Amino acid sequence: MTQEQWGALQDRLCKTVGENNYKTWIKPLSYDGTSDGVAIFKVPTNFMGTYVSQNYGDLLLSQLSSVAAHVRRIQFKVANADRPRTPAPAPEKTRAASASQSDLLPSAPLESRFTFDTFVVGKPNELAHAAARRVAEGGPVTFNPLFLYGGVGLGKTHLMHAISWELRNRNPELNVLYLSAEQFMYRFVQALRERRMMDFKELFRSVDVLMVDDVQFIAGKDSTQEEFFHTFNALVDQNKQIIISGDRAPDEIKDLENRIRSRLQSGLVVDLHPTDYELRLGILQTKVDTQKALYPELDIDHGVLEFLAHRISTNVRVLEGALTRLFAFASLVGKRITMDLTQDCLADVLRASERKISVEEIQRKVAEHYNIRLSDMIGPKRVRNYARPRQVAMYLCKQMTSRSLPEIGRRFGGRDHTTVMHGVKRIEELKVQDGQIAEDLELLRRALEA
Ligand code: ADP
Ligand code: MG
């Protein structure tokens with residue numbers, strides 16, 4: 001195949017894979033000739049070669065052989081792999097170099113209480129905890145990236161800091177970089193402004209472990225995403241561990257480029273589920289010990305923690321806040337912590353966490369219960385596997401939230417309020433005819449109220 005033939009194929013490839021994919025994956029390929037029926041392409045990174053070969057290999061081969069019948073196979077070579085590599089600089093040198101770049105280095109401080117020791121494990125977070133532990137051992141990289149996601153206050157930042165502490169304790173030499181996606185963006189913008197992109201790139205590419213918290217922040221921010229993508233690929237290529245957190249699953253983050261989404265999904269994705277009663281009680285019991293150390297004179301009645309675990313929302317931050325306030329208040333008025341005092345002191349918190357169940361929560365729970373993807377439940381598909389759970393979710397939204405039918409419709413992929421009404425009616429009928437549906441509803445309601 002000639003360079004001209006390859007050039008002529010570009011348009012067609014772009015149309016087939018779409019412009020974004022084309023720009024990311026096809027355009028950077030540089031055709032390097034064919035020998036013995038093997039078309040050779042140079043790629044900037046190893047990772048890229050693997051990805052293109054896995055995702056576009058068949059397509060490329062069929063297109064190539066349509067213009068050059070002798071092509072039977074494709075091979076990817078890293079662009080400068082055949083040049084002698086410059087020896088890696090000694091560690092001291094690297095550090096000296098980064099000292100001058102240190103103002104670009106985002107040194108997010110780690111919270112000293114966020115360690116594995118203080119993290120209470122329960123059913124809703126056991127997988128996330130196990131994955132975090134594994135990564136913190138610093139052994140061979142087995143899943144990359146580790147993507148942790150979950151709602152506000154469920155312990156994502158806590159786990160990330162715990163990983164960082166653990167890695168640093170085990171190996172102080174390790175260059176572990178933890179920062180929020182927001183900080184990543186600021187540093188990036190700063191580097192652009194100061195024309196120091198080389199420093200920026202070098203810096204991020206020289207870390208051993210990169211942790212980026214709250215990645216959803218970069219959604220919709222195009223150039224930051226682009227830079228993040230390249231950083232990510234460069235590190236994966238060097239087999240460096242990456243740990244990312246987000247407030248939802250990669251495929252549910254809006255305005256995130258598809259190529260980033262697919263990168264985020266390519267490792268291990270684990271979620272922190274909303275806390276359940278047992279976990280909340282466990283956390284409260286641990287935190288009470290800390291409070292008791294602060295206020296040794298205070299006593300707490302039996303049943304108070306159980307009450308709080310029952311009544312306060314799934315967000316652990318709120319739970320902690322309530323306990324802190326309770327102890328401070330009791331200490332001020334010099335009384336033991338009774339049920340009455342608790343209800344008095346926390347009246348507003350208790351009221352706020354009363355039955356404030358969101359449409360999203362219901363959708364997520366129902367999708368989970370029926371083992372379907374959230375996007376399928378909200379999306380346009382009409383097959384019964386999705387339609388029935390969708391109606392169940394609509395019914396629960398009508399029952400458990402104060403949203404109107406049109407509002408509910410909007411959150412189910414922009415459906416009409418009559419569709420919602422029909423769904424709700426259907427479930428009301430089925431509830432009496434179909435024991436399974438009745439049972440599902442009961443389970444879901446209890447799970448949502450937990
Ligand atoms: P996120 O980053 O998911 O919003 P954080 O990690 O900041 O949540 O957690 C919020 C607060 O709740 C922190 O003070 C954290 O220590 C605490 N917390 C969350 N989950 C747990 C847990 N399983 N055990 C102990 N504390 C927890
Ligand atoms: Mg956080």
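**View 1. Ligand 1 sits between two domains.** In this predicted model, domain 2 (116–271) and domain 3 (277–348) both give residues to the shell around ligand 1, so the ligand lies between them. Altogether, 19 residues surround ligand 1. Look for Val120, Gly153, Thr157, His158 and Glu320, which are the closest. Sorted by class, the shell holds seven nonpolar, seven polar and five charged residues.

**View 2. Polar partners of ligand 1 include Leu154, Gly155 and Thr157**. Let's start with the backbone: an N or O atom of Leu154 lies 3.3 Å from an oxygen atom of ligand 1, and a backbone N or O atom of Gly155 lies 3.1 Å from an oxygen atom of the ligand. Thr157 takes part through its side chain, with a polar atom 2.8 Å from a ligand oxygen. On its own, ligand 1 has 560 Å² of accessible area, and the protein covers 95% of it. Three elements give two or more residues each to the shell: α6 (156–170), α11 (277–294) and α13 (316–333).

**View 3. Glu166 and Arg170 pair along helix α6**. Here the two side chains meet in a salt bridge, at 3.0 Å from N to O. What separates the two residues along helix α6? Glu166 and Arg170 are four residues apart in the helix, so about one helical turn lies between them. Side chains of opposite charge can pair when their charged atoms come close.

**View 4. Lys123 and Glu126 form a salt bridge**. The closest N and O atoms of this pair are 3.3 Å apart. Are the partners buried or exposed? Lys123 is exposed, with a relative accessible area of 64%, while Glu126 is partly exposed at 38%.

**View 5. Glu360 and Arg411 link distant parts of the chain**. Their side chains meet in a salt bridge with an N to O distance of 2.7 Å. Glu360 belongs to helix α16 (residues 359–369) and Arg411 to helix α19 (residues 405–411), and the two residues are 51 apart in the chain. Both partners are partly exposed: Glu360 has a relative accessible area of 39%, and Arg411 has 29%.

**View 6. Salt bridges that share partners build a network**. Take a moment to find Glu111, Arg113, Lys287 and Glu320, which are joined into one network by such bridges. You have already met Glu320 among the closest residues to ligand 1. For the wider picture, a search of the whole structure finds 22 salt bridges.

Conventions
Residues are numbered from 1 along each chain as its sequence is written. Chains are lettered from A and ligands numbered from 1 in the order in which they are written. This is a predicted model: local features need pLDDT of at least 70, side-chain atom pairs count only at pLDDT 80 or more; totals for chains, interfaces and linings use all residues. Side-chain values use heavy atoms; hydrogens and water are left out. A residue is near a molecule or strand if one of its heavy atoms lies within 4 Å of it. A polar contact is a pair of N or O atoms within 3.5 Å; within protein, one must be able to donate a hydrogen and the other to accept it, and residues adjacent in sequence count only if both atoms are side-chain atoms. Accessible areas come from the Shrake-Rupley method with a 1.4 Å probe; for residues, only the protein chains shown count as cover. Ala, Val, Leu, Ile, Met, Phe, Trp, Tyr, Cys and Pro count as nonpolar, Asp, Glu, Lys and Arg as charged, and the others, Gly among them, as polar. Domain bounds come from an automatic or database domain assignment. A salt bridge is a side-chain nitrogen of Lys or Arg within 4 Å of a carboxyl oxygen of Asp or Glu. Buried means under 20% relative accessible area, exposed over 50%, partly exposed in between (1.4 Å probe, protein chains only).
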